[in-house]
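Colleague: I should like to understand how the labels in this description are justified. Please set each value against its definition.

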Amino acid sequence: MSDLDIKQTVSEIEGAFADLRTELDAVKGKQDSLDELKLDRITDDITKNLETMQEEQQKLKAAMERQEKEGDANETLEQKHAKEFDAFLRKTDQNREEIEIRAMSTDVDPDGGYLVRPQLVNKVVDRVFETSPIRLVADVISGSTKSIELLIDDNESGAGWVTEGGTISETDTPEIGMKEIVAHKAYADPKISEEMIQDSAVNIEQWLQNKVGDRIGRLENTAFVNGNGVGKPRGFLTYAAGDTTYTRGEIERVNLGATSFDATAADGLIELHNSLKEPFQPNAVYGMKRASYGEILKVKGADTHYFGATLLRDGQAIPTLLGKRVIFMDDMPAEQSAALAVVYGDFSRGYTIYDRVGLQVLRDPFSKKGFVEYYTTKRTGGDVTNFDALKIGVLSA
């Protein structure tokens, strides 16, 4: 409703009220006193209502005037900006004025980058460490005592020929050996602050336990290869060098006839392969560093065929050498002069792992106030149990 319409409506109402008042005045004196009192009250009410309507009219009029002024101001500001922008576009590069522009940006932290934060997903991308997975191929035994003892039957019985009625001589009786494998303790004792446990976006306790478990696993794998047996498992590389004559406590070492894995080492690898007795061949595997296997794969014969090969199984490439599986053992020595660089044999008969207690975690929030310690232990032992089942290839000095 416009201001003109409001004024016209109020004017019509005022006219109607004036006519009504005239008629009321005309009947005054012709009614009794009670009727006149009622008429006076009606007249007063009409007068008050009319005054109220006039006040509301003034307020509405004032509000409409303010709105018109603001609309005019906004329209003027918009027109001003449009004129300035049009003038800027019409200027040439030579006479265009410098205009300072300040804008927020996600690339610069003070300009707004602090307000745009990346989303932290519940995933930790961890570093991968290489190890020597002896457990994949060794004989693993679990027990409930401090150690286990294995009978070693590595001796022969005497025998011979005798003619009819000939004298029978006493023959040698085989001897039984004993091998004890003690479960040694590996441990870790990390700690985390209480605030870190409470506020971390990921399950920090589970993450730590996984890290510790992986580290202890790699620690024992290293001992299976080169541990000295003192407070830890004994590795197969620590035994004395043997030859083709079997001796308990010695592992035969085969000279590869080369200082590196080049073409001259091919014959030495074949010699190493054939040094293992036939009963051990079906389950035999090679063990070496991944880098050493890479060098062996480069070896070519006179017909340019590569010496190494891979076997495709279930869509996966299985590294092989002379038809046998290759296990990457990161704890084996690297390719260098006089290195014990390759092991070949049946680990299921040649090496035994004894697990007394698996990975255990003692959560201790009391010893160090404000921190939680995770005392983690595992008791494991390991040793060579058949010195004829493993052979070690040695690079020349």
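Colleague: Are Tyr239 and Phe387 buried or exposed?

Modeller: Tyr239 is buried, and Phe387 is buried as well. The label buried means under 20% relative accessible area, exposed means over 50%, and partly exposed lies in between (1.4 Å probe, protein chains only). The model is predicted: local features need pLDDT of at least 70 and side-chain atom pairs count only at pLDDT 80 or more, while totals for chains, interfaces and linings use all residues. Residues are numbered from 1 along each chain as its sequence is written, and side-chain values use heavy atoms, with hydrogens and water left out.

Colleague: Why is Tyr293 called buried, and why is Phe328 called partly exposed?

Modeller: Tyr293 has a relative accessible area of 4%, which is under 20%, so Tyr293 counts as buried. Phe328 has 29% relative accessibility, which lies between 20% and 50%, so Phe328 counts as partly exposed.

Colleague: What makes Tyr239 and Phe387 an edge-to-face aromatic pair?

Modeller: Rings of Phe, Tyr and Trp (its six-membered ring) pair if their centres lie within 6.5 Å; planes under 30 degrees apart count as stacked, over 60 as edge-to-face and the rest as tilted. The count by this rule is six aromatic pairs. In the pair of Tyr239 and Phe387, the centres are 5.0 Å apart and the planes stand at 75°, so the pair is edge-to-face. This pair links distant parts of the chain, 148 residues apart.

Colleague: Why is the pair of Tyr293 and Phe328 called tilted?

Modeller: Its centres are 5.7 Å apart, within 6.5 Å, and its planes make 55°, which is neither under 30 nor over 60 degrees; therefore the pair is tilted. Tyr293 belongs to helix α6 (residues 290–297) and Phe328 to strand β11 (residues 324–328). Helices (H or I, at least four residues) and strands (E, at least two) are DSSP runs, numbered from the N terminus.

Colleague: How do you know that Arg234 lies over the face of Tyr239?

Modeller: A charge sits over a ring if NZ of Lys or CZ of Arg is within 6 Å of the ring centre and within 35 degrees of the ring normal. Arg234 is 3.7 Å from the ring centre of Tyr239, so the distance condition is met. The charged end of Lys191 likewise sits over the ring of Phe371, at 4.6 Å from its centre.

Colleague: What makes β6 and β7 paired strands?

Modeller: Two strands pair if DSSP finds at least two bridges between them. β6 and strand β7 (residues 250–255) have three bridges, in the parallel sense, so they pair.
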